[in-house]
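Colleague: Got a minute to go through this one with me? I'd like to talk about its empty spaces and what sits around them.

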Amino acid sequence: MTADENELRELRASVREFLEAKSPEEAVRKLMESEPRFDPAVWAQAAGQLRLPGLVIPEEYGGDGFGPVELGVVLEEMGRALLCAPFFATVVLAAQALLASGDSEACARHLPGIASGRTTATLAVAEDSGSWDPALISARAVPDGDGAWRLSGRKSFVIDGTTADLLLVVARTVAGPSLFAVDRQATGLETEPMETLDATRAMARLTFDGVPATLVGPDGAGGRVMAKVLDIATVALAAEQAGGARRCLETSAEYARTRHQFGRPIGSFQAVKHKCADMLVQVELAEAASREAARSAAEGAPDFPVAAAVAHACCSRAYVFAAMENIQVHGGIGFTWEHPAHLYFRRAKSSQLLFGGPAVYHERLLDRLGI
């Protein structure tokens with residue numbers, strides 16, 4: 001199912017109205033210091049009123065069957081509002097991993113709960129190095145008889161890892177990296193929150209000590225699944241980054257119009273004009289790259305992996321640039337804890353590093369180009 005332009009505008013307006021009411025700066029700051037790092041009541045409303053968790057889940061599993069373009073619109077608005085919620089981990093990472101696995105039984109078991117908002121989930125791939133490369137995974141899974149498995153090892157930087165009901169874990173077997181489903185209440189599983197730069201995106205360290213798990217998809221197919229998930233996830237993250245960058249531009253321009261020095265708005269000074277103009281160029285490029293990649297994914301274009309890598313690189317650079325310039329335009333107040341500029345900078349920097357950082361995603365772009 002694909003929405004037309006009018007429907008996309010209506011979707012954007014509905015999500016923005018909801019987030020302006022439910023995720024103002026005061027709510028974000030409160031959730032940053034709470035546990036869980038999101039409001040279950042707001043999550044239930046997002047599921048019940050807007051059906052956001054089921055947006056891109058196929059109709060056969062209880063979702064609405066929309067695609068990457070609609071997902072991009074929602075994530076732009078979430079990035080703009082710095083929403084603290086398990087949406088990215090559940091809908092982008094976990095749900096897409098289930099779909100990419102091709103395991104219809106696992107999809108039928110888990111996706112309806114995700115679509116309804118009853119089940120939150122996440123994907124645990126990175127370990128202490130922070131790398132999402134399946135070849136570098138050391139966590140192990142061994143057969144335990146009757147199709148059961150046992151996991152051992154540690155995962156780090158797991159988004160919403162302390163609160164997710166369902167954990168999808170990439171671990172190594174004799175056949176290679178594979179995907180496993182683990183229940184949050186499983187014996188032998190320990191979770192602890194990690195203190196990171198960006199407190200608006202909760203991360204956790206997971207320790208597995210013979211934890212019972214269920215294989216999802218074919219044994220040894222984890223590398224193939226992760227390649228698909230990373231392409232979709234980087235495009236989704238790019239949309240979130242573009243939304244945050246646009247908000248930084250908006251707040252800078254608004255401040256430049258209203259803040260006066262020497263009897264005139266600071267926006268009339270050439271240096272400030274240049275900063276805002278440079279931000280506009282970066283933001284427009286980021287939005288164009290992320291939206292084109294989303295369209296490419298929706299159409300199943302053969303060059304989608306290239307578009308995904310380009311979007312990730314462009315939007316990561318644009319968001320960090322816009323967040324830094326936003327602080328500069330605001331001057332002294334932009335450096336204070338009380339001002340929201342630092343919240344966007346922290347999200348921009350953490351997002352830039354989420355899937356490995358600039359060196360890794362530039363290398364991924366060269367790989368997608370066959371260089």
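Modeller: Sure. One term before we start: a residue counts as buried when its relative accessible area is under 20%. And keep in mind that this is a predicted model.

Colleague: With that cut-off, how many of the 14 residues of α4 are buried?

Modeller: Helix α4 covers residues 68–81. Its ends, taken from the first C-alpha to the last, are 20 Å apart, close to the 20 Å expected at 1.5 Å a residue. The helix is largely enclosed by the rest of the structure, because the buried residues number 13 of the 14.

Colleague: What sign does phi take at Leu82?

Modeller: Leu82 comes just after α4. Its phi is about 50°, so to speak on the right-hand side of zero: positive.

Colleague: How much space lies in the largest cavity?

Modeller: There are four cavities of 30 Å³ or more in the structure. The largest of them is lined by 18 residues, and Leu83, Cys84, Ala85, Arg201 and Arg347 lie nearest its centre. The space inside comes to about 160 Å³.

Colleague: Which helix gives the largest share of that lining?

Modeller: Two helices, α4 and α5 (87–101), each supply at least two lining residues. The largest share is three residues, and they come from α4.

Colleague: How many of the lining residues are charged?

Modeller: Nonpolar residues account for eleven of the lining, and polar ones for two. That leaves the charged group, with five.

Colleague: Is Glu240 buried or exposed?

Modeller: Glu240 belongs to helix α7, residues 222–258. Leaving out residues up to four places away in sequence, Glu240 touches Leu75, Glu76, Gly79, Phe88, Arg201, Arg347 and Ser351. Two of those contacts, Arg201 and Arg347, are also among the residues nearest the centre of the largest cavity. The relative accessibility of Glu240 is 6%, so it counts as buried.

Colleague: Over to the strands, then. How many bridges join β4 to β5?

Modeller: A hairpin takes β4 into β5 through two residues. The strands, β4 at 166–173 and β5 at 176–183, run antiparallel. Arg172 stands opposite Pro177 in β5. The number of bridges between β4 and β5 is eight.

Colleague: Which residue in β7 stands opposite Phe180?

Modeller: Strand β5 is mostly covered, with seven of its eight residues buried. Three bridges join β5 to β7 (residues 203–216), again antiparallel. The residue in β7 opposite Phe180 is Leu215.

Notes
Residues numbered from 1 in each chain as written. Predicted model: local features only at pLDDT ≥ 70, side-chain atom pairs only at ≥ 80, totals over all residues. Heavy atoms only, no water. 1 Å grid on protein atoms, 1.4 Å probe; cavity = no way out; pocket = protein on both sides within 12 Å on 5 of 7 lines; lining within 4 Å. Points joined across faces, edges and corners; volume = space filled by probe spheres on them. Helix = DSSP H or I, 4+ residues; strand = E, 2+ residues; numbered from the N terminus. Nonpolar A, V, L, I, M, F, W, Y, C, P; charged D, E, K, R; others polar. Expected span 1.5 Å × (residues − 1). Buried < 20%, exposed > 50% of the residue type's maximum accessible area, 1.4 Å probe, protein only. Contact = heavy atoms within 4.5 Å. Pairing = 2+ DSSP bridges.
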